[in-house]
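Visitor: I would like to go through this model with you, chain by chain and then across the contact between chains. Could you take my questions in turn?

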Amino acid sequence: MNPYAEFAICLLLIIGGAFTLIGAIGLARLPDFFTRLHGPTKATTVGVGAIVISSVIYFSTLGQGIGIEEFLITAFLFMTAPVSANFLAKAAMHLKVNTTENTRGHPWDQ
Amino acid sequence: MLDRLSFPQPWLSLTLFITWQFLSDGISGGSAVLGLILAWAIPQITQGFWPDPPAFIKAWRVPAYLLRVVWDIVIASVEVARLILSPRPARPAFVCYPLELEHPLAITILASTISLTPGTVSADVSDDNKLLLIHALDAEDDQTVIDTIKTRYEKPLLEMFQ
């Protein structure tokens, strides 16, 4: 395999892994439900994106054609992540989940 | 009976058919048949949930918008990562965002964009489609959040849907 491609794949995998890890740390560290919602839906967007791109490069250099499947995974993820985040937020507002003290503003009544 | 056999949303059907061909291992007779069945059945089942299509979409503006969103996701991800790792506590806020967009599809796209870019989640739309409730992870003041979204995302969407 081309050394440049190998270098790019390694770099992207490290970036992807680091962002996914930070997302998980955020889930543990952030103070309330609504702020925790940001960790997994966000930092992982870049995490999964970087891992998918490295997968595309890997299979392209192997000469098996460009992986359309990877782009479909990304598209599906980007379409479904906002919807699930929205549902989680709505459910939390419906249940009147407590927010941290320094939160400005209020959620609406459901 | 005949309208049961039609394709009420040709573009959705076409997208579904092509997506199915990519998902299955190469185009074959079987995948084409199954793709046709899906392209027919899914629009029929979901028809009640789709808003009326907008009169006109300036499709050539879509790639520029997507590029901007991807770039913002990368930048904002780094900021959120830095915030998570720093000892400083976050300054979360619920922000009421006044919507200028009117079409339901445009509002959906804006809300999804807000949710995808790190640091903000769209939590709810008011019943009259005039306000969007956003939860910001780290906002110094509400007006900055509103102005950023207005200039970066809503203006291009307004141009696209007019």
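The questions and answers below deal with a predicted model.

Visitor: How many helices and how many strands does the secondary structure of chain A come to?
Guide: Read from the N terminus on, the elements of chain A run α-α-α-α. The secondary structure of chain A therefore has no place for a strand under the DSSP runs used here, and the count comes to 4 helices and 0 strands.

Visitor: What share of the 110 residues of chain A counts as buried?
Guide: The accessible surface of chain A comes to about 6,400 Å², and 71% of this surface belongs to carbon and sulfur atoms. A residue has to be under 20% relative accessible area to count as buried. Of the 110 residues of chain A, the share that meets this cut-off is 37%.

Visitor: Which element gives the largest share of the side of chain A that touches chain B?
Guide: The two chains meet through 35 residues of chain A and 42 residues of chain B, and across their interface the rule finds 5 residue pairs in polar contact, with both residues at pLDDT 80 or more. On the side of chain A, the elements that give two or more residues are helix H1 (3-29), helix H2 (33-36), helix H3 (38-61) and helix H4 (68-94). The largest share, 12 residues, comes from H4(A).

Visitor: How much area is buried between chain A and chain B?
Guide: The residues of the side of chain A that touches chain B divide into 18 nonpolar, 12 polar and 5 charged. Carbon and sulfur atoms give 71% of the area buried between the two chains, and that area is about 3,200 Å².

Visitor: Which side chain of chain A meets B:Asp124 in a salt bridge?
Guide: Across the interface of chain A and chain B the rule finds 1 salt bridge, whereas a search of the whole structure finds 6 over all chains. B:Asp124 lies in strand S2 (residues 120-125) of chain B and its partner in helix H4 of chain A, so the pair joins two chains. At 7% relative accessibility B:Asp124 counts as buried, while the partner is partly exposed, with a relative accessible area of 32%. The N to O distance is 3.0 Å, and the partner is A:Lys90.

Visitor: Is B:Asp72, which meets B:Arg152 in a salt bridge, buried or exposed?
Guide: The side chains of B:Arg152 and B:Asp72 meet at 2.7 Å, N to O, and the pair links helix H5 (residues 142-160) with helix H3 (residues 62-85) of chain B, 80 residues apart. B:Arg152 counts as partly exposed at 30% relative accessibility. B:Asp72 has 10% relative accessibility, and therefore counts as buried.

Visitor: Where does B:Glu100, the partner of B:Lys150 in a salt bridge, lie in chain B?
Guide: The two side chains meet at 3.3 Å, N to O. B:Lys150 counts as buried at 16% relative accessibility, and B:Glu100 counts as partly exposed at 40%. The pair links distant parts of the chain, 50 residues apart, with B:Lys150 in helix H5 and B:Glu100 in the loop between strand S1 (93-98) and helix H4 (104-116).

Key. Residues are numbered from 1 along each chain as its sequence is written. Chains are lettered from A and ligands numbered from 1 in the order in which they are written. This is a predicted model: local features need pLDDT of at least 70, side-chain atom pairs count only at pLDDT 80 or more; totals for chains, interfaces and linings use all residues. Side-chain values use heavy atoms; hydrogens and water are left out. Contact means heavy atoms within 4.5 Å. Buried area is the accessible area (1.4 Å probe) that two parts lose on being put together, summed over both. A salt bridge is a side-chain nitrogen of Lys or Arg within 4 Å of a carboxyl oxygen of Asp or Glu. A polar contact is a pair of N or O atoms within 3.5 Å; within protein, one must be able to donate a hydrogen and the other to accept it, and residues adjacent in sequence count only if both atoms are side-chain atoms. Ala, Val, Leu, Ile, Met, Phe, Trp, Tyr, Cys and Pro count as nonpolar, Asp, Glu, Lys and Arg as charged, and the others, Gly among them, as polar. Buried means under 20% relative accessible area, exposed over 50%, partly exposed in between (1.4 Å probe, protein chains only). Accessible areas come from the Shrake-Rupley method with a 1.4 Å probe; for residues, only the protein chains shown count as cover.
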